[in-house]
Amino acid sequence: MALIGAVITNKGNTLITELPKDYLRIYEELCSIGCRKALERIPLTDNEEDDIRVKLYADSDIGNHLLFLLTESSTLADANTAAYAVLNASEDIKQELEQNLLHDQYANTAELLRDIKDMTYQTGQVKMSFFCPLDGNIEDSEYGGTTPVGNLYLKSYEWDIRELLEMEQASPEDEMARFFDDDDNIKNKLVSAVWTVDEYKDKLYGRIDCRFKEELTEDETETFKDWILGQCSDGFGEHFEQQPIHTEDGDLFVSFWNSSDSYFLCTEDELDDCIEESQGMQMGGI
């Protein structure tokens, strides 16, 4: 289902497509007409002198009101993201969201996206956080290779780590909860999952903040923990740990997972015990 239609012209070549659509799929379509620009670099302009011209249209009331929020300073990425957020909004908020759109309650797409996030979070009254150790490595650009850094160093770049995490999860398409598909009961309860960092007892830890519509059972909690662990090691975490944070010592890479026996992933209630056990392993006490 599409909310917005787009006619995109590049140097005489024309593409007719629909939004929202997978980012890479749109990019492939753009390449077919000789346009290799990122969606964020394609303004919604339809001027004759422009090499790339974009004309949007809609066949529904919701789509037309969505178009009202887009201006010539908006980009094709903005249009796709807004359409995605509206089309994939939770059924719990969709009716209110559509009424807000039809009554022009939003001045721009930023307000729209913020309200969708706020309304979605409000449906998840049950909050649960999971914690794990962080690993950090500095890449030596001159000689190659990496050097591990301690937690004190990571703490000194807490703001930068947090900012990068927020940027990696800023778009509705990047909401991690949508990637959960391990259990239908949990999926129906899950509202959001957000990776961040938090300082606890003078150390910086990875923290995954989750919202649910209902409490998880013990078995469901274990199933969900397994999914988070997989995301830390192979999913979101694997992608995140490849994103550099520039420091005066070189590029810092942060990971939410490591292969040591002292690694753990636990709930907030379990955190003190997990830290104590992990420290015992590191000192060779276990």
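Me: Two strands pair if DSSP finds at least two bridges between them. So what makes strand 9 and strand 10 a pair?

Reply: First, a word on the model: it is predicted, so local features need pLDDT of at least 70 and side-chain atom pairs count only at pLDDT 80 or more, while totals for chains, interfaces and linings use all residues. Residues are numbered from 1 along each chain as its sequence is written, and side-chain values use heavy atoms, with hydrogens and water left out. Now to your strands: strand 9 (residues 245-247) and strand 10 run antiparallel and are joined by 3 bridges, which meets the minimum of at least two. One bridge sets Ile 245 opposite Leu 252, and with 2 residues between them the two strands form a hairpin.

Me: How do you know that strand 5 pairs with strand 10?

Reply: By the count again: 5 bridges join strand 5 (residues 135-139) to strand 10, in the antiparallel sense. Gly 136, for instance, has Val 254 as its bridge partner in strand 10.

Me: Why is strand 10 called mostly covered?

Reply: Buried means under 20% relative accessible area (exposed is over 50%, partly exposed in between, with a 1.4 Å probe and protein chains only). In strand 10 (residues 250-255), 5 of its 6 residues are buried.

Me: What makes strand 2 and strand 3 edge strands?

Reply: The open sheet has 3 strands in the order 2-1-3, with antiparallel pairing. Strand 2 (13-19) and strand 3 (52-57) each have a single partner strand, so one side of each is left without a neighbour in the sheet. From one strand to the next, the twist averages 20°. Strand 1 (residues 4-10) shares 7 bridges with strand 2; among them, Val 7 is matched with Ile 16.

Me: How many disulfides does the rule give?

Reply: A disulfide is a pair of cysteine sulfur atoms within 2.5 Å, and by this rule the count comes to 0. For Cys 132, the nearest cysteine sulfur is that of Cys 232, 4.5 Å away, so the cut-off of 2.5 Å is not met. For Cys 266, the nearest is that of Cys 274, at 3.6 Å, and that pair is not within 2.5 Å either.

Me: Why is Cys 132 called buried?

Reply: Its relative accessibility is 0%, which is under the 20% limit. Cys 266 is buried too, with a relative accessible area of 1%.

Notes
Helices (H or I, at least four residues) and strands (E, at least two) are DSSP runs, numbered from the N terminus. Axes are lines fitted to C-alpha atoms, for helices over the stretch in contact, and angles run from 0 to 180 degrees between N-to-C directions.
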